[in-house]
Amino acid sequence: MPLFTDDGRLSADGLAVQQWIDGSEPTSRADWRLVADELERLHARFANHRQRPGCRTVTELNRLSRSVDADMSALPDHAASGVLAVFAAMTDVATSVVHGDPGASNLRVTDDGRVGLLDWDESRVDVVHLDLANLGVQILEDDEHHRALRCADAWEAANAWTAEPSYARQRLARLRSTAPAP
């Protein structure tokens with residue numbers, strides 16, 4: 001839960017503070033199911049939220065676009081074309097506020113089963129599959145899960161291309177290895 005400033009604002013000079021969440025990273029299937037349920041509640045509640053300044057959904061990106069750290073113009077042509085093709089295939093997926101990085105280290109599950117989401121620096125409005133792809137449990141049907149994994153790989157490749165090129169190339173290689181047969 002966010003803490004308000006003395007004058008009632010949620011942030012001051014770009015800084016937001018939350019209450020401490022006394023919990024641990026999800027480890028069990030039950031913990032991950034709680035996380036998935038919380039993400040689905042987030043997505044349902046903020047389906048019509050306005051976009052974060054400077055961000056676009058993956059389906060809005062083109063060769064010259066930027067969003068978060070993804071600069072599509074920085075990718076070589078062969079990488080950009082593959083990434084953008086994956087993004088273009090996601091137009092039928094719901095958009096909402098996404099956390100953007102729901103890995104175990106950014107999550108806390110309390111003893112009473114509440115879930116806390118930490119580290120919101122990659123949050124934005126985007127396709128919800130990005131939050132649901134790499135959880136500790138599979139919550140999407142097999143075909144949708146495969147699409148979600150490919151979208152997550154494409155996003156990570158684009159988003160990390162400049163700052164973490166080795167990681168970006170790993171995700172791009174994984175994206176290529178999971179391409180559907182022609």
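The following legends describe close-up views of a predicted model.

**View 1. The largest pocket and the residues that line it.** This pocket has a volume of about 1,500 Å³. Its lining is made up of 34 residues, and P2, Q18, L42, L117 and W120 lie nearest the centre. Two or more lining residues come from each of the elements β2 (17–18), α1 (29–45), β7 (115–117) and β8 (124–127). The largest share, four residues, is provided by α1. By chemical class, the lining comprises 16 nonpolar, nine polar and nine charged residues.

**View 2. The largest nonpolar core.** A set of 45 residues forms this core, and V35, M72, L75, V83, F87 and C151 have the most contacts inside it. At least two core residues are supplied by each of α1, α2 (77–88), β6 (107–109), β7, β8, α3 (129–132), α4 (142–160) and α5 (165–177). The largest share, eight residues, belongs to α4.

**View 3. The surroundings of M72.** M72 is one of the residues with the most contacts inside the largest nonpolar core. When residues up to four places away in sequence are not counted, M72 touches L61, N62, R63, S65, A80, V83, L84 and A158. Among these neighbours, V83 is also listed with the residues that have the most contacts inside the core.

**View 4. The cysteines C55 and C151.** A disulfide is a covalent bond between the sulfur atoms of two cysteines. The structure holds zero disulfides. For C55, the closest cysteine sulfur is that of C151, and a bond is ruled out because the two sulfur atoms are 15 Å apart, whereas a disulfide requires them to be within 2.5 Å. C151 is likewise in no disulfide. C55 is buried, with a relative accessible area of 10%. C151 also counts as buried, at 0% relative accessibility.

**View 5. The loop residue V68.** V68 is found in the loop between β3 (66–67) and β4 (70–71). Although V68 is not a glycine, its phi is positive, at about 50°. With a relative accessible area of 22%, V68 is classed as partly exposed, because the partly exposed range lies between 20% and 50%.

**View 6. The loop residue D119.** The loop between β7 and β8 contains D119. Phi of D119 is positive, near 60°, in a residue other than glycine. D119 is partly exposed, and its relative accessible area is 38%. Both strands that flank this loop, β7 and β8, give two or more residues to the lining of the largest pocket.

Terms used. Residues are numbered from 1 along each chain as its sequence is written. This is a predicted model: local features need pLDDT of at least 70, side-chain atom pairs count only at pLDDT 80 or more; totals for chains, interfaces and linings use all residues. Side-chain values use heavy atoms; hydrogens and water are left out. On a 1 Å grid over the protein atoms alone, a cavity is a set of points where a 1.4 Å probe fits but cannot get out, and a pocket is an open set with protein on both sides within 12 Å along at least five of seven lines; lining residues have an atom within 4 Å of a point. Grid points are joined across faces, edges and corners, and a volume is the space filled by probe spheres set on the points. Ala, Val, Leu, Ile, Met, Phe, Trp, Tyr, Cys and Pro count as nonpolar, Asp, Glu, Lys and Arg as charged, and the others, Gly among them, as polar. A nonpolar core is a set of buried Ala, Val, Leu, Ile, Met, Phe, Trp, Tyr and Cys residues joined through side-chain atoms within 4.5 Å. Buried means under 20% relative accessible area, exposed over 50%, partly exposed in between (1.4 Å probe, protein chains only). Contact means heavy atoms within 4.5 Å.
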